[in-house]
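Here's a quick tour of a two-chain complex, put together for someone who likes cut-offs spelled out. Have a look at the model first, then read on.

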Amino acid sequence: MSAQTRQPVSEGPPKGIGPMQRREMWLAYLMLAPTFIIILVIVAGPLLANFWISVKPVQLGDLRPPAVLVNERLRGDPEAAGDSATLEYRLRNSSRDEEIRDVVLKDEVPAGFTVTGLPQGCELTGSALSCTIGTVEPGWRDRLGLEGTVSDVFLAANRPERASEPVVTGDANNVLTNFEFTFENFSRIFSADEFWSVLRVTFYYTIFGTGGALVLGLFAAQLLHTAFPGRGFLRGLFLFPYVSPVIAVAFTWVVLFDPFSGTLNALLTKMGVVSDPINFFGQRAIEFSVFGIPFEFPLALTTVIAFEAWRYFPLSFLFILARMQSINTDMYEAAEMDGATPLQQFWYLSLPQLMGILSVLFLLRFIWTFNKFDDIFLLTGGNAGTRTLTVDVYEQGFALSNLGAGAAVAVVVFVVLVTFATLFIRFSPKEEGL
Amino acid sequence: MRPASILLTAVTGLLWGVMAMVVIGVTLTLITGEVALPQATAAGLAGLLGALVFVWRCSAAGAGGAPAWAYSAVVVFLVLMIASFAAPFTLPLSVVPVWQGLALIVFVAGVTAAIRLCLRDARFGPMSRYEREVIYIRIAKGIGFVVFTIIVALPFYVMVMTSLKSQQALLANPLDLSIDFSQGLSGLTRSYVELFTQFNFGRYLMVSAFVSVATVVLTLLLSVPGAYAVSRLRFPGQALLARSVLLIYMVPAIVLVIPLYAVFSQLGLRNTLTGLLIVYPATTIPVALYMLQGYFRGLPAELEEAGLMDGLSRIGVILKITLPLSLPALASVSLYVFMIAWNEFLFAFMFLDDPDIFTLSRGVVSLNSSEVPRQHLMAGAVIATVPVLVIFLWFERFLVQGLTAGSVKG
């Protein structure tokens, strides 16, 4: 009653969510739920977990939680029905520094084995055996013997004690889930001398890799802009580096540039361009001097950047070509009438039109190049001055088996990335719709 | 007569002469295995004089007789032979004479054609800025075509040819990238046969195919409803969601690897294909969702509204109207997801230890050791590349559309 009086009739369109719209909303949430859950579990979860692992002293070996290992054997060598025998369980704590609490062993007594003597703490219900062992020390070992007699059924069967696996349960401190924190990982990676060089290499690689791919892509797009016979074929060919598996092209480059049996070095030495083979992926720097000033040319890093530009120019090529073909040709005809030369047309007409797509490509490629791991890992393994942050994650976490330090580097990667992304979203052009 | 015009003509000829000689000399070396030292200076001189003659004959047009390019070709040939003492590739004429002859013909024809294309309207008299720039651009484009084709095709050529060689042949002459037919078909394909019989590559191929197809199916099952909801249904948070999809595919895989490795190890999912099939769709769903929602937006909403009016449910509308209309988009998304899953390396490398469930990427990495000869490694690379390239060439149109429509990750 009061609601009606407060709301005048001529309010305009109804506000709030009606029943139909609410149904639509729930349908939308339902349809998005699976995607949402899988992204949450596989992407958002690990991102947060990285922060957790990065403040934990966890090694690769700690991933296997401490457990009681058990080995079941039959002792006493029974030959006829009624002979006595012992089922022996040998138990061992797999960890040398963690105790395990509430250890319980469960097993099925094999058919035809009549139990005569139970060890302390064990109970037998039917054929189900359950032994409560309690807390065990680090490095603990023990044996449990189950005395009994055997029947014909038992003797006839092939190793009947193997019929059921004994199961041991117990609680142990898991370094991943306890509340012990340390900043040692971060202090270790930040104090390492190489960290700052890794950071520098990462930026060189990202900036020049992105720039190289863009420039090559722009050039290739100019080549294939006008129609000619064989254009479709060339366009397909130019996309090969991008669609082939990274593993295939990376190994091909390694074989091609190999200092001992590589084709390129053989060509260069046989044709007298260089006297000794060049180890393109293995030599950190070439030293030379201009007017007495010594310079260092980072050879392996340059080769890796060249690979990056070679592999990803097709992507920018495709985008730029698509954009160029949508530019209205009237403009060029008008410019032609006004006497603009071809280079002027490119500089004053094409480039401004392409600026939007070029900057979007730059942003996307910048981030993806920054994220790139496979290429460098396969080409040089991060050696010879090519270790970027992403390769460092692998190096710390898996090569040096220090998961905590690896996660700490991953946190650094993530923080740098978030910084870029925020900057880019602020300054990116809106009209390209990416 | 203007010195600038003459200089432009001369430089054009010089560039093409040197370029053609280097490219043809290297090609000759790689095809025959004989080291051909290209005589770049002689070739440059030949190109230079050929270009001058071409432009001179063009300006003297109307005099009748042979066309200008014919004079040019003769001059290129003669100058090259004289300046290089009749050995343009520094090989005695008795060595691989057929190939040398062929290379010579290709050189003369190539240089003449290039000169003719680049200097079509050139003259020795004054040229406007427009005319000069047209020539610059022709030269740049010509060189661009040659360089791009070589840098793209050479690695693939080396990959295939190395895989067809024997160990001895590779060590004896790394420059010889010809096909040695004398070893017969079984000799040529020895690496492939060994990979399939001894290195279990048939199984890797099956596993890769299974994983990729399963990833495609899972991705489509999850992303089609999601994309439809984002593009068609109104709900609070829609705009935010549509934008954050992009952010997700900027998250680097390497950042996810350590936590996933830790958790999957504890859950026993690490060394299993189930583990891979959980991770792969998670990395492809954002891309698929982004590509599909863009396409769904472009479909006319009236069709769907008509379906709703006629009594179809939302699910019915999606199945009977939206999906049939978006088959091209579904095709390009499927192909693209297939490619991502097929080419994926990092997770396969980190998660799989058991050779029975290696994917091809993981299998090829296991060949990268000093004990396995490199023709095997290259044969593995070819086996991993061929399926994806065949699919790409077959469906290129769809893929190119999809790639540009969806702004794709790599």
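A residue is called buried if 20 or more other C-beta atoms lie within 10 Å of its own, exposed if 12 or fewer do, and partly exposed in between, with C-beta atoms placed from the backbone. This is a predicted model, so local features need pLDDT of at least 70 and side-chain atom pairs count only at pLDDT 80 or more, while totals for chains, interfaces and linings use all residues. Residues are numbered from 1 along each chain as its sequence is written, and chains are lettered from A and ligands numbered from 1 in the order in which they are written.

On confidence, pLDDT is the predictor's own per-residue score, from 0 to 100. Chain B averages 86, with 96% of its residues at 70 or more. Among the elements of chain B, helix α9 (residues 201-232) has the highest mean pLDDT, 93, and helix α19 (residues 396-406) the lowest, 64. For the complex, the predictor gives an ipTM of 0.90 and a pTM of 0.86. Helices here are DSSP runs (H or I, at least four residues), strands are E runs of at least two, and both are numbered from the N terminus.

Now the interface. Two residues are in contact if their C-beta atoms, placed from the backbone, lie within 7 Å. The contact takes 83 residues from chain B and 77 residues from chain A. On the chain B side, helix α5 (residues 129-163) gives the most, with 17 residues. That side has 61 nonpolar, 14 polar and 8 charged residues, where Ala, Val, Leu, Ile, Met, Phe, Trp, Tyr, Cys and Pro count as nonpolar, Asp, Glu, Lys and Arg as charged, and the others, Gly among them, as polar.

A nonpolar core is a set of buried Ala, Val, Leu, Ile, Met, Phe, Trp, Tyr and Cys residues joined through C-beta atoms within 7 Å. The largest one has 166 residues, and Ile247(A) and Leu292(B) have the most contacts inside it. Helix α10 (residues 299-325) of chain A gives the most to this core, with 15 residues. Leaving out residues up to four places away in sequence, Leu292(B) touches Ser223(B), Val224(B), Ala227(B), Ala329(B) and Val333(B). Helix α15 (residues 327-343) of chain B has 14 of its 17 residues buried.

UniProt, in an unreviewed entry, places "transmembrane region" features on chain A, including residues 236-256 and 403-425, and "domain: ABC transmembrane type-1" at residues 205-395 of chain B. UniProt positions use the numbering given here, feature names are shortened, and annotations may be inferred rather than shown by experiment.

| Span | Helix | Strand | End C-alpha distance |
|---|---|---|---|
| Residues 236-256 of chain A | 86% | 0% | 23 Å |
| Residues 403-425 of chain A | 100% | 0% | 32 Å |
| Residues 205-395 of chain B | 80% | 0% | 21 Å |

Last, some backbone oddities. Most residues other than glycine have a negative phi. Ala384(A) has a positive phi of about 55° and sits in the loop between α13 (374-379) and α14 (389-399) of chain A. Is Ala384(A) buried or exposed? Ala384(A) counts as buried because it has 21 C-beta neighbours inside 10 Å. Asn200(B) also has a positive phi, near 65°, and lies in the loop between α8 (190-197) and α9 of chain B. With 16 other C-beta atoms within 10 Å, Asn200(B) is partly exposed.
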